[in-house]
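Dear colleague,

I am handing over a structure that I have been reading through, and I would be glad if you kept it open beside this message. My notes on what was found follow directly below it.

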Amino acid sequence: MLRLEDIDAFYDDLQALYDVSLEVERGRVFALVGANAAGKSTTLRVISGLVTPRRGRVVFDGQDLTPVPAHQRVDLGIVQVPEGRRLFPFMSVAENLLLGAHTPRARSVRNDTLRYVYTLFPVLEDRRAQLAGSLSGGEQQMCAIGRALMARPRVLMLDEPTLGLAPVLVARIFDTVRTINADGMTVLLVEQNVRQALTIAHRAAVLESGRLVLTGDGRELLGDDRLKRAYLGL
Ligand code: ATP
């Protein structure tokens, strides 16, 4: 469904990605893992169109995205939950969610989608009139995921959704990703929680200093000696 081919990406003179190729299959969870500054967020920015690669291309559903600007990629269904959530703190939970449904395709079905989001996260319905800035960290992450779902993604990209959350909430977010995927959503998940990400991922890749060093089935990578040494402390 989504393919990166031979991507080199730069910030001025600094090369952040070297020859990155990967393929996210429809209906699957793909996890991209790696340490700080490995290039995970840059990979998502290349897909969403915020960083233009100097070499290579992104293909979505057979369409070369090179000429497609970022805002049109959202219309195509490429939707990202940004790292750090980026909610509007002085707007209510419901207003934040409805803002996600800004494309015509999403707006026409937004009441149905809102019901789905409230089913996934009942706490958001309970707190729908509350300011988003007053939610706990975990609830804010739920709100950010809910807002992205309101845009009716065809592929949902999550950038470190569990960052800074307590273990019980980390587990809750991973459960939610699994549920969303079971409901048919294709997911590209960027994570530093390597073990949990690989446990739920069908496919996964490891980025180190801008280069893909391992790709495979999620569970298969969990058993890889190099990965165990580098990321799981085993
Ligand atoms: P993190 O978990 O810290 O976000 P990451 O794997 O997502 O790490 P990136 O944010 O993609 O890594 O960063 C890859 C490289 O690009 C790093 O060397 C980083 O310092 C650099 N970089 C990232 N964003 C910018 C930017 N806006 N301007 C300049 N350099 C950047």
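To begin with a single residue, is Asp12 buried or exposed? Asp12 is exposed, because its relative accessible area is 69%, and exposed here stands for a value over 50%. Please bear in mind throughout that this is a predicted model.

Asp12 sits in the loop between strand 1 (2–11) and strand 2, and its backbone deserves a second look, since phi of Asp12 is near 50 degrees, a positive value in a residue other than glycine. Another residue to set beside Asp12 is Ser209, which has a positive phi of about 45 degrees although it is not a glycine. You will find Ser209 in the loop between strand 9 (203–208) and strand 10 (211–217), and Ser209 counts as exposed because its relative accessible area is 56%, where the cut-off is again over 50%.

Next comes the ligand. The shell around the ligand holds 15 residues, and the closest of them are Ala37, Lys40, Ser41, Thr42 and Glu160. By type, the residues of this shell divide into 6 nonpolar, 5 polar and 4 charged. Three side chains can be followed atom by atom: a polar side-chain atom of Glu160 lies 2.8 Å from an oxygen atom of the ligand, a polar side-chain atom of Gln192 lies 3.3 Å from an oxygen atom of the ligand, and a polar side-chain atom of Arg45 lies 3.5 Å from a nitrogen atom of the ligand. Taken alone, the ligand exposes 630 Å², and the protein buries 64% of that area.

Which elements give two or more residues to the shell around the ligand? They are strand 2 (14–24) and helix 1 (40–48), and helix 1 gives the most, with 4 residues.

From the ligand I turn to strand 8, which covers residues 186–191 and is mostly covered, since 6 of its 6 residues are buried. If you look along strand 8, you will see that Thr186, Leu188 and Val190 point one way, whereas Val187, Leu189 and Glu191 point the other way, and that all of these residues are buried.

Which way do the neighbouring strands run relative to strand 8? Strand 3 (residues 29–33) is joined to strand 8 by 5 bridges, and these two strands run parallel; one pair to look for is Val29 with its bridge partner Val187 in strand 8. Strand 7 (residues 155–159) is likewise joined to strand 8 by 5 bridges and runs parallel to it, with Leu158 standing opposite Leu189 in strand 8. Between strand 7 and strand 8 the chain crosses through helix 8 (residues 167–182), and this β-α-β crossover is right-handed.

Finally, please look at Val93, which lies in helix 3 (residues 93–99). Val93 counts as buried because its relative accessibility is 0%, and the cut-off for that word is a value under 20%. Val93 and Glu139 are 46 residues apart in sequence, while their C-alpha atoms are 9.8 Å apart in space.

When you go through the model yourself, I would suggest starting with the loops, then moving to the ligand, and ending with the strands.

With best wishes

Definitions and conventions: Residues numbered from 1 in each chain as written. Predicted model: local features only at pLDDT ≥ 70, side-chain atom pairs only at ≥ 80, totals over all residues. Heavy atoms only, no water. Near = heavy atom within 4 Å. Polar contact = N/O pair within 3.5 Å; in protein donor to acceptor, adjacent residues only side chain to side chain. Areas by Shrake-Rupley, 256 points an atom, 1.4 Å probe, with all protein chains shown as cover. Nonpolar A, V, L, I, M, F, W, Y, C, P; charged D, E, K, R; others polar. Buried < 20%, exposed > 50% of the residue type's maximum accessible area, 1.4 Å probe, protein only. Pairing = 2+ DSSP bridges. Right-handed = clockwise from strand over helix to strand, strands pointing away.
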